[in-house]
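Hi,

Here is the structure I said I would pass on. Have a look at it first, and then read my notes below.

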Amino acid sequence: MYRTSEIVEQYGITESRLKEYIIEQNIPVVNEEISKKYFQTILSFIENTEDRIEKKLKKAEATFKYNSAKNKVSIYQDDAISFLKKLPSNSVDVIATDPAYSGMNDKLKLGKGRIVGKYADKGKENGKWFGEFEDSEENYNEFLSECSRVLKKSTGHIYIMFDSYSLLSLGNVVRSHFDVKNLITWDKVNIGMGHYFRRRHEYIIFATNGNTRKIRNRKFPDVWRFKRIHSSKYPTQKPVEVFQAMLHASTEENFTVCDPFLGSASSAIAAIKNNCNYIGCDISDKSIEISNSRISEFLETGKDNIQTKSMAVDDKIFWE
């Protein structure tokens, strides 16, 4: 049984609108409780109710907010799990994210990198590295649990990026929360660093939130060839094309995309290009500063101020 007061609180719908729908549909309510059978009908109605996220986050202060006929874009400065807890249940269509894992970097004990600075200074005022997501299994389970809660049951798709270390240590945990459909390889084309075999790829787990919704085109491969970003403005900046591939496969116009690890806002640019609404967050001051500037300029001029050219290798990208 589901209490109406708990539905209002958890799903971010107003009490008056819920009561109105219950009356319209002649849904039986006993002692302010609704049976599981009728709740499924209500859930479908809730998922199609607009502005639930905005109303739920009304007290949170957005660092960037943009509304137009085509896009709604909102950015918040917050810890990923704390931010997800503020979102209403069943409110997001797609999560596409690149968590700032600590495991690989802690394991390697990086010294002074020629690009990203001294890893020991992470999170400090003058350090180039940001504070990372401490990827213990307990933390990761909580993160994935919140992702599952905020994703819609009917449309929910999730893409989570992994390096090789985090895939081995945490990848299996994803199966406890989602129906894993694919392991995608991002081939960065140019070889990277490594003490043994040198790395030139990362991984992306694609999963659904218990639904059978298909991707847009079954001809999409599970190896994506996009060059890495050199001389990046942000330590973990990813090509927009990586996120475009995710969103082109899984979104429809006006879908809501969420990225709780905003980083350099590559996922935001991809969402705007796909005519989606977007909500993201990051704890890092540098991320918020770069993202606000990047998104603002892109919305105003159509120009990307930190990725000025396509990272695609092939003349024709596979989704075109």
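What follows is a short tour of what turned up.

First, some ground rules. This is a predicted model, in which local features need pLDDT of at least 70 and side-chain atom pairs count only at pLDDT 80 or more, while totals for chains, interfaces and linings use all residues. Residues are numbered from 1 along each chain as its sequence is written, and side-chain values use heavy atoms, with hydrogens and water left out.

On confidence: pLDDT is the predictor's confidence in each residue, from 0 to 100. The chain has a mean pLDDT of 88, and 90% of its residues reach 70 or more. Over residues 107–124, though, the pLDDT is below 50, and this stretch has 32 contacts in the model beyond near neighbours in sequence (a contact means heavy atoms within 4.5 Å). Where pLDDT is low, the predicted coordinates should not be read in detail.

Now the inside. A nonpolar core here is a set of buried Ala, Val, Leu, Ile, Met, Phe, Trp, Tyr and Cys residues joined through side-chain atoms within 4.5 Å. Buried means under 20% relative accessible area, exposed over 50%, and partly exposed in between (1.4 Å probe, protein chains only). The largest such core has 39 residues, and those with the most contacts inside it are Tyr159, Ile204, Trp224, Phe226, Met246, Tyr278 and Ile295. Elements that give two or more residues to this core include strands E8 (157–162), E9 (179–187) and E10 (201–208), along with helices H9 (240–250) and H11 (285–301). Helices (H or I, at least four residues) and strands (E, at least two) are DSSP runs, numbered from the N terminus. H9 gives the most to this core, with seven residues. Apart from this core lies another, of 32 residues, with Ala80, Ala207, Cys258 and Ile279 among them.

H9 deserves a second look: eleven of its eleven residues are buried. They include polar names such as Glu241, Gln244 and His248. From this helix, Met246 touches Ala96, Tyr159, Met161, Ile204 and Trp224, leaving aside residues up to four places away in sequence.

Where does the chain go after H9? Into a loop between H9 and strand E12 (256–259), where Thr251 has its place. Thr251 counts as buried because its relative accessibility is 3%. Its side chain reaches the backbone oxygen of Leu247 at 2.5 Å. Not counting residues up to four places away in sequence, Thr251 touches Val94, Arg216, Val257, Asn274 and Cys276. Asn254 sits in the loop between H9 and E12 too, and has a positive phi of about 75° although it is not a glycine. At 44% relative accessibility, Asn254 counts as partly exposed. Asn31, in the loop between helix H2 (15–24) and strand E2 (33–34), also has a positive phi, of about 55°. Asn31 is exposed, with a relative accessible area of 65%. For background, most residues other than glycine have a negative phi.

How many disulfides are there? A search of the whole structure finds zero, a disulfide being a pair of cysteine sulfur atoms within 2.5 Å. For Cys147, the nearest cysteine sulfur is that of Cys258, 7.2 Å away. The sulfur of Cys258 is itself 7.1 Å from its closest cysteine sulfur, in Cys281, so it is too far for a bond. Cys147 is buried at 0% relative accessible area, and Cys258 is buried at 0% as well.

Last, the aromatic rings. Rings of Phe, Tyr and Trp (its six-membered ring) pair if their centres lie within 6.5 Å; planes under 30 degrees apart count as stacked, over 60 as edge-to-face and the rest as tilted. The structure holds eight aromatic pairs. Tyr2 and Phe39 are stacked, because their ring centres are 3.9 Å apart and their planes are at 10°. This pair links distant parts of the chain, with Tyr2 in strand E1 (residues 2–3) and Phe39 in helix H3 (residues 36–47), 37 residues apart. Tyr2 is partly exposed at 27%, whereas Phe39 is buried at 3%. Tyr76 and Phe83 make a tilted pair, with centres 5.8 Å apart and planes at 35°, and both residues are buried. Ring pairs also link Tyr140, Phe143, Phe162 and Phe261 into a cluster.

Cheers

How values were computed. A polar contact is a pair of N or O atoms within 3.5 Å; within protein, one must be able to donate a hydrogen and the other to accept it, and residues adjacent in sequence count only if both atoms are side-chain atoms.
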